[in-house]
Number of protein chains: 2
Amino acid sequence: MAKNKRDIDLKVKQDELESTATRLFLSLGYDGTSMGRIARELGVAPNTLYWYYASKDELLVGVLNRQMSQTLVRLPTIVEKSLKEKMAWALREFEQSRELVATVHARLEQSEVIREWHDQFHRFVEAAVIHTLQADGVAKERAAMLATVGTFLVEGLLAHPHSERQREAILQWFSESALPA
Amino acid sequence: MAKNKRDIDLKVKQDELESTATRLFLSLGYDGTSMGRIARELGVAPNTLYWYYASKDELLVGVLNRQMSQTLVRLPTIVEKSLKEKMAWALREFEQSRELVATVHARLEQSEVIREWHDQFHRFVEAAVIHTLQADGVAKERAAMLATVGTFLVEGLLAHPHSERQREAILQWFSESALPA
DNA sequence: CTTTGCTCTTGAATGGCATACAAGATGACC
DNA sequence: GGTCATCTTGTATGCCATTCAAGAGCAAAG
């Protein structure tokens with residue numbers, strides 16, 4: 001099956017591409033990284049990237065999915081932990097992507113693909129958090145609301161510089177207030 | 001005093017400029033609004049703007065300050081209200097600037113002026129919220145932490161689409177959890 | 001072995017962008 | 001009437017995402 005062979009090559013190439021793009025996006029930011037720069041780093045012409053991705057935003061989606069799938073691999077390590085520890089873990093996971101989180105929010109209005117990715121991401125995260133809360137004995141409606149609050153807190157902590165103590169205090173307070181005694 | 005006269009003219013011109021820039025930023029977004037577009041709308045050459053502002057980011061700061069000062073005028077109308085109502089008011093105030101809020105966060109890393117404005121803004125808001133919470137009998141340390149949480153919740157609600165019921169539920173829960181019985 | 005056709009890459013271009021610079025216009029003060 | 005600061009503009013630069021049409025490489029079909 002030559003078709004298959006080609007598909008594999010495609011995936012391999014996309015992987016190199018996204019790997020380079022990820023590194024640059026994380027170090028220089030999305031706006032600070034030009035398509036030309038990514039291409040130069042890969043040793044190809046700038047427009048080559050457009051054979052693989054229709055736009056810079058689609059490349060960003062590829063990068064985000066890549067980051068997400070790596071995070072998902074590490075997810076099982078915390079399923080048994082407390083709510084507070086789970087949130088602290090999420091913060092550590094996304095800390096290096098802080099800037100990309102802000103970029104995603106800023107591009108929501110301008111890019112359909114980003115909006116779709118963002119919405120899907122939130123649906124996934126909220127479902128997971130709701131599940132956790134329900135397992136801890138929180139009623140369904142309330143769990144949904146608290147899941148939203150939890151994600152807002154994580155996003156807020158990611159977006160704003162803060163001390164370890166502040167983070168600790170916020171997570172501690174949220175856990176206490178959210179969970180039944 | 002001719003100096004004074006000129007200063008007044010300057011302020012008037014800046015005001016027209018920021019008024020137009022505000023309208024465009026709010027309707028088309030920061031990235032969707034080019035300096036050229038603003039200039040065209042004002043009937044001047046694009047580079048004229050650079051006599052008044054050193055950069056597009058500085059113009060944005062002007063716009064943000066303008067919005068803020070308008071909000072400050074309305075601030076006294078809610079000093080007597082409950083924490084929950086205050087937060088709902090803040091959400092209504094900033095709702096039309098949703099996109100700019102995201103822009104500010106996205107540009108934090110790239111623009112020093114934006115970063116300074118943002119930090120100052122947060123210091124101001126947190127101080128105000130802490131004051132309110134302390135008046136409601138919350139201890140100082142705890143008030144500081146809750147003020148941060150409160151702003152994160154407002155920012156989260158601004159950044160993410162939600163129903164009236166969700167908003168209501170979140171604000172209600174936060175008020176109950178934050179304030180002493 | 002050659003032709004066809006698909007996948008991938010490129011050169012060259014387009015239009016837009018924020019911004020810089022130096023030359024002008026305007027109007028106040030000496 | 002000339003000088004000076006304030007304001008405006010023409011023109012240009014370099015960067016950007018993206019497009020398009022032309023090619024290179026290579027597999028399958030004849």
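Begin by selecting helix H2 (35–42) of chain A, then helix H1 (2–28) and helix H3 (49–52) of chain B: each of these supplies at least two residues of the surface near DNA strand D. The model on display is predicted. Among the contributors to this surface, H1(B) gives the most, with three residues.

Next, display the residues that surround DNA strand D, 18 in number. The closest are A:Tyr50, B:Lys13, B:Asn47, B:Trp51 and B:Tyr52. Colour the residues of this surface by class, and they divide into eight nonpolar, seven polar and three charged. Which parts of the strand's atoms lie within 4 Å of the protein? Sugar or phosphate accounts for 65% of those atoms, and the rest belong to bases.

Now turn to the phosphate oxygens of DNA strand D. Select B:Lys13, where a polar side-chain atom lies 2.6 Å from a phosphate oxygen of the strand. Move on to B:Thr48; an N or O atom in its side chain is 2.8 Å from a phosphate oxygen of DNA strand D. At B:Ala45, by contrast, the atom to select is a backbone N or O, which lies 2.9 Å from a phosphate oxygen of DNA strand D.

Leave the DNA and proceed to the cavities. How many cavities of 30 Å³ or more does a search of the whole structure find? There are two. The largest holds about 110 Å³ of space. To locate this cavity, select its lining in chain A, namely A:Asp31, A:Thr103, A:Ala106, A:Arg107 and A:Gln110. Then add the lining residues of chain B: B:Gly29, B:Tyr30, B:Asp31, B:Glu99, B:Thr103, B:Ala106 and B:Arg107. Helix H6 (98–107) of chain A and helix H6 (98–107) of chain B are the elements that give two or more residues to this lining. H6(B) gives the most, with four residues. By class, the lining of the largest cavity has three nonpolar, four polar and five charged residues.

The final stop is the second largest cavity, with a volume of about 70 Å³. Select A:Arg98, A:Glu99, A:Ala102, A:Leu158 and A:Ala159 from chain A, together with B:His105, B:Ala106, B:Leu108 and B:Glu109 from chain B, to show its lining. H6 and helix H8 (140–159) of chain A, as well as H6 of chain B, each supply at least two residues here. Which helix gives the most to this lining? It is H6(A), with three residues. Coloured by class, the lining of the second largest cavity divides into five nonpolar, one polar and three charged residues.

Notes
Residues are numbered from 1 along each chain as its sequence is written. Chains are lettered from A and ligands numbered from 1 in the order in which they are written. This is a predicted model: local features need pLDDT of at least 70, side-chain atom pairs count only at pLDDT 80 or more; totals for chains, interfaces and linings use all residues. Side-chain values use heavy atoms; hydrogens and water are left out. A residue is near a molecule or strand if one of its heavy atoms lies within 4 Å of it. A polar contact is a pair of N or O atoms within 3.5 Å; within protein, one must be able to donate a hydrogen and the other to accept it, and residues adjacent in sequence count only if both atoms are side-chain atoms. Ala, Val, Leu, Ile, Met, Phe, Trp, Tyr, Cys and Pro count as nonpolar, Asp, Glu, Lys and Arg as charged, and the others, Gly among them, as polar. On a 1 Å grid over the protein atoms alone, a cavity is a set of points where a 1.4 Å probe fits but cannot get out, and a pocket is an open set with protein on both sides within 12 Å along at least five of seven lines; lining residues have an atom within 4 Å of a point. Grid points are joined across faces, edges and corners, and a volume is the space filled by probe spheres set on the points.
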